[in-house]
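Please open the model in your viewer and keep the sequence panel visible. The tour below proposes one selection at a time and states what is to be found there.

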Amino acid sequence: MKTVAIATFAVTFVLSTSFASAQSVNGTVKKIDAEQGKVTIDHGPIKKLDMDAMTMVFRVASPDMLKGLKTGDKIKFDADRVDGAITVTNLKK
Ligand SMILES: [Cu+2]
């Protein structure tokens, strides 16, 4: 039965990773601070961070993520706690 157990684990792993990557949050860019590497986003609920919808400032993992972004843009993003700061780890328009 060992093979069955391994197969079950593999399926569970694939399902959980694809679920995690589908967890993008919808938001609207309210303000961009490229110098500080920060962006203010009016965002929907973020289950992972136990957060309701609100407008707040995020750090960005890389300043490059702010390039081509402007106030009013609708975005999809992922956020996580990095060194104690809520950080946008992935962002797309
Ligand atoms: Cu928030």
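Helices (H or I, at least four residues) and strands (E, at least two) are DSSP runs, numbered from the N terminus. The model is predicted: local features need pLDDT of at least 70 and side-chain atom pairs count only at pLDDT 80 or more, while totals for chains, interfaces and linings use all residues. Residues are numbered from 1 along each chain as its sequence is written.

**The whole chain.** Display the protein as a cartoon; one helix and five strands are present. Along the sequence, the order is α-β-β-β-β-β.

**The barrel.** Select the five strands, which form a closed barrel in the order E1-E2-E3-E5-E4, with mixed pairing. Two strands count as paired if DSSP finds at least two bridges between them. From one strand to the next, the twist averages 55 degrees; such angles run from 0 to 180 degrees between N-to-C directions, with axes fitted as lines to C-alpha atoms.

**Neighbouring strands.** Select E1 and E2, which run antiparallel and are joined by six bridges. Isoleucine 32 has valine 39 in E2 as its bridge partner. Next, add E3 (residues 54-60), which pairs with E2 (residues 38-43) in the antiparallel sense over six bridges. Here aspartate 42 stands opposite threonine 55 in E3. On turning to E1 and E4, one finds antiparallel pairing over four bridges, and threonine 28 stands opposite lysine 74 in E4.

**The turn at glycine 37.** Where does glycine 37 lie? Select glycine 37: its place is the loop between E1 and E2. These two strands form a hairpin with four residues between them, and glycine 37 in the turn has a positive phi of about 65 degrees. Glycine 37 has 17 other C-beta atoms within 10 Å and is therefore partly exposed (20 or more would make a residue buried, 12 or fewer exposed, and partly exposed is in between; C-beta atoms are placed from the backbone). Leaving aside neighbours within four places in sequence, glycine 37 is in contact with Arg59, Val60 and Pro63, contact being C-beta atoms, placed from the backbone, within 7 Å.

**The core.** Select Val25, Val29, Val39, Ile41, Ile46, Phe58, Val60, Phe77, Ala79, Val88 and Leu91, the 11 residues of the largest nonpolar core. Such a core is a set of buried Ala, Val, Leu, Ile, Met, Phe, Trp, Tyr and Cys residues joined through C-beta atoms within 7 Å. Finally, centre on phenylalanine 77; not counting residues up to four places away in sequence, its contacts include Val25, Val88 and Leu91.

Conventions. Two residues are in contact if their C-beta atoms, placed from the backbone, lie within 7 Å.
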